[in-house]
Amino acid sequence: MSVGATAPAAEGEAAPRSPLRALFIRELRIGRRIGGGGSLGVVFFLMLVVLTPFAVGPDLALLGRIAPSMLWIAALLATLLGLDRLFQSDHDDGSLDLLLMSKAPLELIVLVKCLAHWLVTGLPLVAAAPFFGLMLAMPAGQLWSVALSLMIGTPALTLIGAIGAALTVSLRRGGLLLPVLILPFCAPALIFGVAAAAAGAAVSPAPAAPPFLILAAISLLALVGAPIAAAAALRQMSE
Amino acid sequence: MRNYANPTNFLAAARVATPILATLTGALLGVGLYLAWFVAPADYQQGETVRIMYLHVPAAWLSMFIYVTMTFAALGSLVWRHPLADAAQKAAAPLGAGFTFLCLVTGSLWGKPMWGAWWVWDARLTSVLVLFLIYLALVALWRTIEDPGKAARAAAIFTLVGAVNIPIIKFSVDWWNTLHQPASVFRLGGPAIAGSMLWPLLVMALAFTLLFLTLHIMAIRNEILRRRLRRLSIQTADADRSEFSAPASLGTAR
């Protein structure tokens, strides 16, 4: 199988592995080994959180109130950070051509790559968010709602980002273009993510469920739509 | 119709149509502005500021109409790979950004006396701002990708993805409880606006549409000519090179 060929055959399994599974394992390995993987994203996340009190002052009441928004913006930017690598490195070393020639549907390949990318870069952010929320003087009841909202919402950010990453895959100077392309589309996830995160607060009059449900709907929509758009973009851009 | 899909025929038709359309646009804009400023009555609540509506509302309609036009052109680019569809897409993006900007600025100028704020973050205003950002991103995408065919297909995919925003803008005033008023012209049960205000508004809307059409056709013409220039310069460069290398490598010179 052409897809699995690039992954080192360390497992030595008897049965031939399915190409998507092989790709998933390869992506996880690359994500973990190259460029610091998820830990770098968490460090960046931490730095944004640390910069917040510098910018708005050490007033704990104010920090606690804006903490959900700050955490979401920081998570959005941290997600953005690693997105250019999603397809670009594969394009540079030629393995993207192998993926395009593979018998497995390109949409599923994109989905698998996004899933692995989210596990390496998105999940650590979700795990770190409650601790960073403590530093921003968030009420204890809200820590869980922030982590849960990020858990539901960050896959949408990665998937939407994949469209931008696919569109800019062959560009040498596409550095700023990727965020400019995808940030407008991240707005709905941000709006309902922050609403869901803030819904856990005792002062908030709104019920908690609706923003969570809408956020989940956005993620599901991205789960279906984004791989199709990103795969179409990859096909068009790598001709 | 199919005849005009040929770029050469389009150029010939555009050469005839542009002055006619431009004259018509100028005349209608003159009539519309005269109606809006001198004939239409002042609103009993809003006073003279209501006249901003005659610029704001047509600009808002156009900002969405242009995006829909661009979406159809994007389908033409992706499905038929038609160069004219590419040119139509590329020409529409800056125009759309311009009309959306006009809509946002006039809305802001209208909002200050009426709502007491230049800008509020309500659903309609925010979704139109996102439309403006999408237009700007499209312009950036067009400028970044060098190969025109590739740029057209990338822009087409991005345009189709961005089309989800159009129904959000249209229905934002119904779905959310916004400061911005709901639709009062295109609605069930007829327009909820006095005839003395509706007519100037419709004339202005038609004038804006014709203005877009004129500018769009002119920009498509420029784009087709720009592509031909590009092709000619590549051919010339090729010819120069093969002239230099002809004695050495006859086999490789085309």
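Hi everyone, this is a short walk through a predicted model with a chain A and a chain B.

Let's begin with chain B on its own. Chain B has 7 helices and 0 strands. Reading from the N terminus, its elements simply go α-α-α-α-α-α-α. If you put a box around the C-alpha atoms of chain B, along the principal axes, that box is roughly 85 × 35 × 30 Å.

Now let's look at where the two chains meet. How many residues does each chain bring to the contact? Chain A brings 17 residues, and chain B brings 18 residues. Together they bury about 1,700 Å² between chain A and chain B, and carbon and sulfur atoms give 77% of that area. As for charged pairs across the contact, the count between chain A and chain B is 0 salt bridges. There are, however, 3 residue pairs in polar contact between the two chains, counting pairs with both residues at pLDDT 80 or more.

Which helices of chain A supply the side that touches chain B? Helix H7 (140-167), helix H8 (177-198) and helix H9 (209-237) of chain A each supply at least two residues. The most comes from H8(A), with 6 residues. Sorted by type, the residues on this side of chain A are 13 nonpolar, 2 polar and 2 charged.

Next, please find a patch on the surface of chain A. Leu46(A), Val50(A), Leu51(A), Phe54(A) and Met135(A) make a nonpolar surface patch of about 480 Å². Helix H2 (residues 37-56) of chain A gives the largest share of this patch, 4 residues. Met135(A), for its part, sits in helix H6 (residues 106-135) of chain A.

Let me finish with salt bridges. Over all chains, the structure holds 8 salt bridges. As a reminder, side chains of opposite charge can pair when their charged atoms come close. One to look at in chain A joins the side chains of Asp90(A) and Arg26(A), at 3.3 Å from N to O. Asp90(A) is in helix H4 (residues 85-93) of chain A and Arg26(A) is in helix H1 (residues 19-33) of chain A, so this pair ties together parts that lie 64 residues apart in sequence.

Thanks for listening!

Technical notes
Residues are numbered from 1 along each chain as its sequence is written. Chains are lettered from A and ligands numbered from 1 in the order in which they are written. This is a predicted model: local features need pLDDT of at least 70, side-chain atom pairs count only at pLDDT 80 or more; totals for chains, interfaces and linings use all residues. Side-chain values use heavy atoms; hydrogens and water are left out. Contact means heavy atoms within 4.5 Å. Buried area is the accessible area (1.4 Å probe) that two parts lose on being put together, summed over both. A salt bridge is a side-chain nitrogen of Lys or Arg within 4 Å of a carboxyl oxygen of Asp or Glu. A polar contact is a pair of N or O atoms within 3.5 Å; within protein, one must be able to donate a hydrogen and the other to accept it, and residues adjacent in sequence count only if both atoms are side-chain atoms. Ala, Val, Leu, Ile, Met, Phe, Trp, Tyr, Cys and Pro count as nonpolar, Asp, Glu, Lys and Arg as charged, and the others, Gly among them, as polar. Patches are made of residues with over 30% relative accessible area and no salt bridge: like charges are joined within 9 Å, nonpolar side chains (Val, Leu, Ile, Met, Phe, Trp, Tyr) within 5 Å. Accessible areas come from the Shrake-Rupley method with a 1.4 Å probe; for residues, only the protein chains shown count as cover.
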